[in-house]
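Colleague: I would like to learn how to read backbone angles and strand pairing. Can we go through a case together?

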Amino acid sequence: MDVDAVLSALRAGPEETEAALRQYTKETCNIFKFDPADEDKRKLLCERVLNLLEKGTKTSCQIACLEALRILSRDKKILQPVTTKRNMQTLMGLARLEPSEDTLGEVADFPVIVESLKCLCNIVFNSAVAQKLSLELNLAAMLCNLLKKCKGQPMVHVIKCFDLRLLFLLSLLHNEIRTQLRNELQALPLLTEALESSFRITWTETYVVLPQENSPPLALQETDCAIEALKALFNVTLESWNVHSESEAHQFRYMAAILRHCLLTKGPSEDKTEELHSNTINLLSNVPVSCLDVLISTSKEEESLKYNGMNMDAIQVLLDFMEMRIDKGCSYLEGLTPVLSLLTQCSRSHRPIRKFIKAQVLPPLTDVSNRPEIGTTVRNKLVRLMTHVDLGVKQFAAEFLFVLCKERVDSLLKYTGYGNAAGLLAARGLLAGGRGERWYSDDEDTDTEEYKSAKPNINLITGHLEEPMPNPMDEMTEEQKEYEAMKLVNMFDKLSREEVIKPMGVRADGTMAPLEETISQYQANENSSSDTD
């Protein structure tokens, strides 16, 4: 049905208007790119629809108008007549976002609220003018108030879902709204409560949720609602690495306990489970590291994964998620680095977590016949990432392994080889060996007998056992050796003069510098030592 026919129907009675709008929505529901030739007509259609909504009509006609407006609002170019203060207020009124509205109204009106919120989501996302108006109209505060109205109400999951989505969009697009939500509106406990309400949670003690073994997967509506709450919470908790009061610490620990439950919950499909866990991991990255100990607890359940008496179920989910994202082999920067960063934070700050993860990722070496990057173990996969073309990915992977090795260079080289670790060591100024700045407790020696016997023959560069190779210089005369040495020197000199390569050396502090600089520094140190003698 073309736009002209819909405009003609709008001039007829309510029944014809409703029927025409429903037919238009049915035919265009899957269209996201519109014909530029119809722009003016679609602008006019938006105006007529909003006029109908402002004047008031029966519920079924309101729903038809809002469904059509939702389709039309996908096009950024026709939103000028929509993004006025008056029209925004009309939509907010239909969504029960007015301060005078104390309740959600009748259940029969819920579809009107949902469609109004959907329209506002599209309009705010596609229009900078609407984003500015949302500040002026205090839309974020109204949305928080609507969330409070949903508390304890049946059949409101869809309303909550689009309320949370609109809060996410506003906090994503406006720093001022993010600050307002965090400070003035105290949205952190409100959004945490909205997240908790998506699950069937029973608390056994502070920060400990009763495990629900053999529970069915979370329903689709509850999963979508939880995902939207996680996304909104992520924006609100940005820059929350430190807590400054006991109440803040309690709030983050309480949220972390719910997030642990999220990790142990399955959605209605594998894709939804992955999306739920991905957003959970993103939010956990914003939780102050001192509050992440809630992810583990003293294990009392027989079915739980125990390590030194601690429940490691949530940590195992994180490791499985990391390996799944590695195996997918795409979008490493967006899909893999958040979980690598989170596991690194947990390992750096919480010794039981680090020891458990190391036992899974870097078990004691027995077979060193293959290079560290060859194979199908988690260690092999992570070592391969240490030489990935994306600088961010290789840094996160290398840092994770380095922390598991307690930031000791000799331990890292044992598992990765010098060649794979060179980039990290150069960046950290540790090419000459040593360890990072952080202190870790000393653990017992974990070298196996197989590794100890093979260690003298391990190539430190490649990190694997190599059979002794015959020395090609054994059968050379001294003149031949001198000739080959000078040939090599001349080749390097030519490459250096033509600036194909730049000879580098290692300073005393472990950082790299041009060879001339390191030689002069070494000579200066030698002269200083001789003067002292």
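**Reading the loops and the sheet**

Modeller: Start with a loop. Tyr207 lies between strand 1 (203-205) and strand 2 (208-209). Keep in mind that this is a predicted model.

Colleague: What is phi of Tyr207 near?

Modeller: Look for a positive sign in a residue other than glycine. Phi of Tyr207 is near 65 degrees, and that value is positive.

Colleague: How accessible is Tyr207?

Modeller: Its relative accessibility is 23%. Partly exposed runs from the 20% cut-off for buried to the 50% cut-off for exposed. Tyr207 therefore counts as partly exposed.

Colleague: Where is Arg96?

Modeller: Arg96 sits in the loop that links helix 5 (85-94) with helix 6 (110-126). Its phi is positive too, near 60 degrees, and Arg96 is not a glycine.

Colleague: Is Arg96 buried or exposed?

Modeller: Apply the cut-off: buried means under 20% relative accessible area. Arg96 has 18%, so it is buried.

Colleague: Now the sheet. What is the order of the strands in the open sheet of three?

Modeller: Read the order from one side to the other. Here it is 3-5-4, and the pairing is antiparallel. Strand 3 (297-298) and strand 4 (306-307) are the edge strands, as each pairs on one side only.

Colleague: How many bridges join strand 3 to strand 5?

Modeller: Two bridges join them, and the two strands run antiparallel. Strand 5 covers residues 310-311.

Colleague: Which residue in strand 5 does Ser297 stand opposite?

Modeller: Find the partner across the pair. For Ser297, that is Asn311.

How values were computed: Residues are numbered from 1 along each chain as its sequence is written. This is a predicted model: local features need pLDDT of at least 70, side-chain atom pairs count only at pLDDT 80 or more; totals for chains, interfaces and linings use all residues. Side-chain values use heavy atoms; hydrogens and water are left out. Helices (H or I, at least four residues) and strands (E, at least two) are DSSP runs, numbered from the N terminus. Buried means under 20% relative accessible area, exposed over 50%, partly exposed in between (1.4 Å probe, protein chains only). Two strands pair if DSSP finds at least two bridges between them.
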